[in-house]
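Dear colleague,

Please find the structure below, handed over for your own inspection. My findings follow directly after it.

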There are 2 protein chains.
Amino acid sequence: MPKPSFTEQQKQIAGIAKALSHPARVYILQKLHSMNACCTSGEMIGDIPIARSTLSQHLKELKYAGLIQGEIEPPMIKYCINKENWEITRKIINEFFKPAQQNTGDCKP
Amino acid sequence: MPKPSFTEQQKQIAGIAKALSHPARVYILQKLHSMNACCTSGEMIGDIPIARSTLSQHLKELKYAGLIQGEIEPPMIKYCINKENWEITRKIINEFFKPAQQNTGDCKP
DNA sequence: AAAACATTTCGTAATTTTGCGAAACATAAA
DNA sequence: TTTATGTTTCGCAAAATTACGAAATGTTTT
């Protein structure tokens with residue numbers, strides 16, 4: 001029998017985790033989430049030890065992952081948490097980490 | 001003024017996320033956690049589309065991250081969730097995703 | 001139109017991750 | 001002691017990630 005591939009759920013969780021797997025992206029999300037407000041890349045760059053272009057790449061990744069969104073407000077771009085997706089993500093992760101059933105046996109496929 | 005480096009907390013969260021950032025590692029954790037029991041690598045290999053040696057690498061990474069532990073029971077090794085660290089991790093991630101304060105302003109450093 | 005500003009994209013290099021098969025290890029069975 | 005079993009380590013290749021500075025983009029001010 002052929003090997004099963006990964007489930008969509010497994011890929012989805014891994015994708016969320018990948019978005020959080022760099023300290024710069026954790027910083028960005030913490031900042032935007034904790035202040036519950038929008039922020040430009042210029043307001044973030046002073047806080048972290050990376051170049052502007054690198055920050056821009058991380059912002060792009062978080063946008064791609066759907067965790068943040070950017071509103072253009074010339075000549076700046078204001079980034080905010082995508083609240084809808086944030087909530088979805090929160091639920092997925094909470095579900096993943098929820099307490100286990102009681103069971104002391106071994107692996108049963 | 002010099003650029004601040006990332007905080008220990010940011011690095012810790014990123015580290016946890018990195019451990020979860022591959023579908024094979026998500027599968028391993030889901031399996032061990034949902035059954036709340038131990039399992040050998042041989043009992044896992046049939047479920048996922050990777051080679052044995054690759055699975056072994058992923059198990060090693062999760063062990064390094066502290067999320068699982070392996071008991072040697074010759075000729076097998078039984079892997080289980082490291083419950084203590086799992087709980088710590090759960091709290092860290094829950095804290096990260098907790099609801100925000102209300103605040104509609106913009107970025108205030 | 002030119003200069004200034006905020007940010008992104010491009011090109012590229014260094015590092016890390018992922019993957020595999022072959023070989024190695026350790027234990028148990030014959 | 002040989003053979004079989006379950007798993008990991010090694011060696012290597014391919015792909016992805018991270019990083020930077022330079023150049024490009026788009027907007028406002030002069």
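A polar contact here is a pair of N or O atoms within 3.5 Å; within protein, one atom must be able to donate a hydrogen and the other to accept it, and residues adjacent in sequence count only if both atoms are side-chain atoms. By that criterion, an N or O atom in the side chain of B:S53 lies 3.1 Å from a base oxygen of DNA strand C.

Two notes on conventions apply throughout. The model is predicted, so local features need pLDDT of at least 70 and side-chain atom pairs count only at pLDDT 80 or more, while totals for chains, interfaces and linings use all residues. Residues are numbered from 1 along each chain as its sequence is written, chains are lettered from A and ligands numbered from 1 in the order in which they are written, and side-chain values use heavy atoms, with hydrogens and water left out.

DNA strand C

The backbone of this strand is also contacted: a phosphate oxygen of DNA strand C is 3.0 Å from an N or O atom in the side chain of B:H22, and a phosphate oxygen is 2.7 Å from a polar backbone atom of B:A51. In total, 21 residues surround DNA strand C, the closest being A:T40, A:G42, A:Y79, B:K18 and B:A51; a residue is near a strand if one of its heavy atoms lies within 4 Å of it. Of the strand's atoms that come within 4 Å of the protein, sugar and phosphate account for 74%. The element that gives the most to this surface is α4(B), with 5 residues; helices (H or I, at least four residues) and strands (E, at least two) are DSSP runs numbered from the N terminus. By class, the surface has 7 nonpolar, 10 polar and 4 charged residues, where Ala, Val, Leu, Ile, Met, Phe, Trp, Tyr, Cys and Pro count as nonpolar, Asp, Glu, Lys and Arg as charged, and the others, Gly among them, as polar.

DNA strand D

Around DNA strand D there are 21 residues, with A:K18, A:A51, B:T40, B:G42 and B:Y79 the closest. Phosphate oxygens of DNA strand D lie 3.0 Å from a polar side-chain atom of A:H22, 3.0 Å from one of A:T54 and 2.7 Å from a backbone N or O atom of B:G42. Here α4(A) gives the most to the surface, with 5 residues.

Relation of the two chains

A turn of 180° and a shift of 0.0 Å along the axis lay chain B on chain A with an RMSD of 0.1 Å, by least-squares superposition on the C-alpha atoms of residues with pLDDT of at least 70 in both. This is the relation of a two-fold axis. In chain B, the C-alpha nearest the axis belongs to B:A17, at 2.3 Å.

Aromatic pairs

Rings of Phe, Tyr and Trp (its six-membered ring) pair if their centres lie within 6.5 Å; planes under 30 degrees apart count as stacked, over 60 as edge-to-face and the rest as tilted. The count is 6 aromatic pairs over all chains. One of them, A:W86 with B:F96, is tilted, at 5.8 Å centre to centre and 40° between the planes. This pair crosses between chains, joining helix α5 (residues 83-97) of chain A to helix α5 (residues 83-97) of chain B. The rings of B:F96 and B:F97 are edge-to-face because their planes stand at 85°, with centres 5.2 Å apart. Ring pairs thus link A:W86, B:F96 and B:F97 into a cluster. B:F96 is buried, with a relative accessible area of 8%, and B:F97 is buried at 3%; buried means under 20% relative accessible area, exposed over 50% and partly exposed in between (1.4 Å probe, protein chains only).

With kind regards
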